[in-house]
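Hi there,

Here is the structure I promised to pass on. Have a look at it first, and then read my notes underneath.

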Amino acid sequence: QVQLRESGGGVVQDGGSLRLSCAASGSIISINPMGWYRQAPGKQRELVATITSGGTTNYADAVKGRFTLSRDNAKNTVSLQMNSLQPEDTAVYYCYARIRRSGWALLDYWGQGTQVTVSS
């Protein structure tokens, strides 16, 4: 069984910073990619950023230059440093990972979500 455990999130003022972390555990052969999505009230879930095992990142235009995603392949973790946060960044943030397990096809896994609220 695979689990994605998220930490971080909370309430911050406009212009502030937060850091989200996610750790994957279980019988994992490889993870590619891994990252974060978010969902604001009344909106669809959208990409925030992903990173491949080789370190190639993909950011949503809305967060480029403000958010930085990093990864520790040995620990199966990712961290999202969010700077210059804006009220529009308020959402539930979900950790995402495409994981290969022994004897299994590639599957997508999601964390339970962590709330980020940016107050103006």
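Below is what I found, starting with a sheet and moving on to the aromatic side chains.

Please keep in mind that this is a predicted model. One open sheet has four strands in the order β1-β3-β8-β7, paired antiparallel. At its edges are β1 (3-7) and β7 (67-72); each has a single partner strand, so one side of each has no neighbour in the sheet. On average, neighbouring strands here are turned by 15 degrees against each other, direction ignored.

Within the sheet, five bridges connect β1 to β3, and six connect β3 (residues 18-25) to β8 (residues 77-82). Cysteine 22 is a good place to start looking: this residue is the bridge partner of glutamate 6 in β1, and its partner in β8 is valine 78. The side chains of β1 alternate, with Leu4 and Glu6 buried on one face, while Gln3, Arg5 and Ser7 point to the other face and are not buried.

Now for the rings. There are three aromatic pairs. Tyrosine 37 and tryptophan 110 make an edge-to-face pair, 5.1 Å centre to centre with 70 degrees between the planes. Tyrosine 37 is in β4 and tryptophan 110 in β10, so this pair ties together parts 73 residues apart in sequence. Tyrosine 96 and tryptophan 110 form a tilted pair, at 5.0 Å and 50 degrees. Ring pairs thus link Tyr37, Tyr96 and Trp110 into a cluster. In it, tyrosine 96 is buried at 6% relative accessibility, whereas tryptophan 110 is partly exposed at 37%.

Finally, arginine 45 lies over the face of tyrosine 94, 3.7 Å from the ring centre.

Best wishes

Technical notes
Residues numbered from 1 in each chain as written. Predicted model: local features only at pLDDT ≥ 70, side-chain atom pairs only at ≥ 80, totals over all residues. Heavy atoms only, no water. Pairing = 2+ DSSP bridges. Helix = DSSP H or I, 4+ residues; strand = E, 2+ residues; numbered from the N terminus. Axes fitted to C-alpha atoms, helices over the stretch in contact; angles between N-to-C directions. Buried < 20%, exposed > 50% of the residue type's maximum accessible area, 1.4 Å probe, protein only. Phe/Tyr/Trp six-rings, centres within 6.5 Å; stacked < 30°, edge-to-face > 60°. Lys NZ or Arg CZ within 6 Å of the ring centre and 35° of its normal.
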